Amino acid sequence: LTQRCNMACLACLAKYGPLAELDLDGWLRVIDAIAEETRDLSRVKLSFAGGEPTLLGYLPSLVHRAHGHGMVTSLITNGSRLDDGLLDGLAGALDWIGLSVDSLDPQRNRELGRTVAGEALGEGFYRNRVAAIKARGIRLKINTVVSALNHREDFSDFIGFAKPERWKAMQFLLVRGQNDDADRMAIKAADFAAFVDRHSSMPALVSESNDAMVGSYIMVDPSGCLYGNHGAVHMRGAPVCEAGLVGQLERLGYSYQGTELRNGFYF
């Protein structure tokens, strides 16, 4: 929805360069276009991400519009703005929240760029967010980008407390044209495998290596254009409202089988 954010995470992939962001009406047209094109499918899930999507005051309107079309709805957020008012406004229309948790240690979060107004986040903050999400009956997913800065950390106690339905551990991915300046975050495959192995007793764990992530995601950028990451390169397509979605997938290198292999189809 936006590349604006109240954090400055080194691993961020929401960097698209200068472009005009859609407004409320623009995004409603995108949602309606996707709904129309996919109306014959048995299940459709739409995830709202950023940047930090909760910075947009009209976010609840988008979630309710997608829910009204019968879509499964998901919000990917750093959690910093998930106050009671916003959560109450989303409850009933929002099925999933993907909470980004890259570290439980404030100093490490400072190194990662996960700070709000200069304050680094800690485990207490994340435990509070988890409790608030679950109190509304919203399903919980936790996203962790595993990098050179956090791959030795042990999340077991926190995951045991949070009990997410899905904990996605992703190997930090460099995508040319998006996060070229973050090479110091790169992690060896063996170090990522060791992180996954250390947490293998967590029943909700789903791991995504670089190979699994490339070509198996398709997204719409803040201007309403489709894009993908085939070949670990940012590839931009045409506006969804003009060219549709499904017809662009092959040209952008999207792989349905790749999404299946990374266990990406969950509702």
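Contact here means heavy atoms within 4.5 Å. The model is predicted.

**Exercise 1. Lay out the sheet and find its edges.**

Solution. Start with the strand order. The sheet is open and has six strands, ordered S1-S2-S3-S6-S7-S8. Their pairing is parallel. Next, look for strands that pair on one side only. These are the edge strands, S1 (45-48) and S8 (205-208). Then add the twist, which averages 20° from one strand to the next.

**Exercise 2. Describe how S1 is joined to S2.**

Solution. Take S2 as residues 72-77. Four bridges join S1 to S2, and the two run parallel. For the register, use Leu 46, which stands opposite Thr 73 in S2.

**Exercise 3. Place helices H5 and H7 against the strands.**

Solution. Begin with H5, residues 123-135. H5 lies across S3 (96-100) and S6 (139-146). Its direction is at about 180° to S3. Now turn to H7, residues 189-198. H7 packs on the sheet and touches S6, S7 (166-171) and S8. The directions of H7 and S7 make about 165°.

**Exercise 4. Decide whether Gln 171 is buried or exposed, and trace its surroundings.**

Solution. Locate the residue: Gln 171 sits in strand S7. Check accessibility against the cut-off: buried means under 20% relative accessible area. Gln 171 has 8% relative accessibility, so it counts as buried. Now follow the side chain of Gln 171, which reaches the backbone oxygen of Ile 187 at 3.2 Å. Finally, list contacts, setting aside neighbours within four places in sequence. Gln 171 touches Val 146, Ile 187, Lys 188, Ala 189, Phe 192, Glu 208, Ser 209, Asn 210 and Met 213.

Notes. Residues are numbered from 1 along each chain as its sequence is written. This is a predicted model: local features need pLDDT of at least 70, side-chain atom pairs count only at pLDDT 80 or more; totals for chains, interfaces and linings use all residues. Side-chain values use heavy atoms; hydrogens and water are left out. Two strands pair if DSSP finds at least two bridges between them. Axes are lines fitted to C-alpha atoms, for helices over the stretch in contact, and angles run from 0 to 180 degrees between N-to-C directions. Buried means under 20% relative accessible area, exposed over 50%, partly exposed in between (1.4 Å probe, protein chains only). A polar contact is a pair of N or O atoms within 3.5 Å; within protein, one must be able to donate a hydrogen and the other to accept it, and residues adjacent in sequence count only if both atoms are side-chain atoms.
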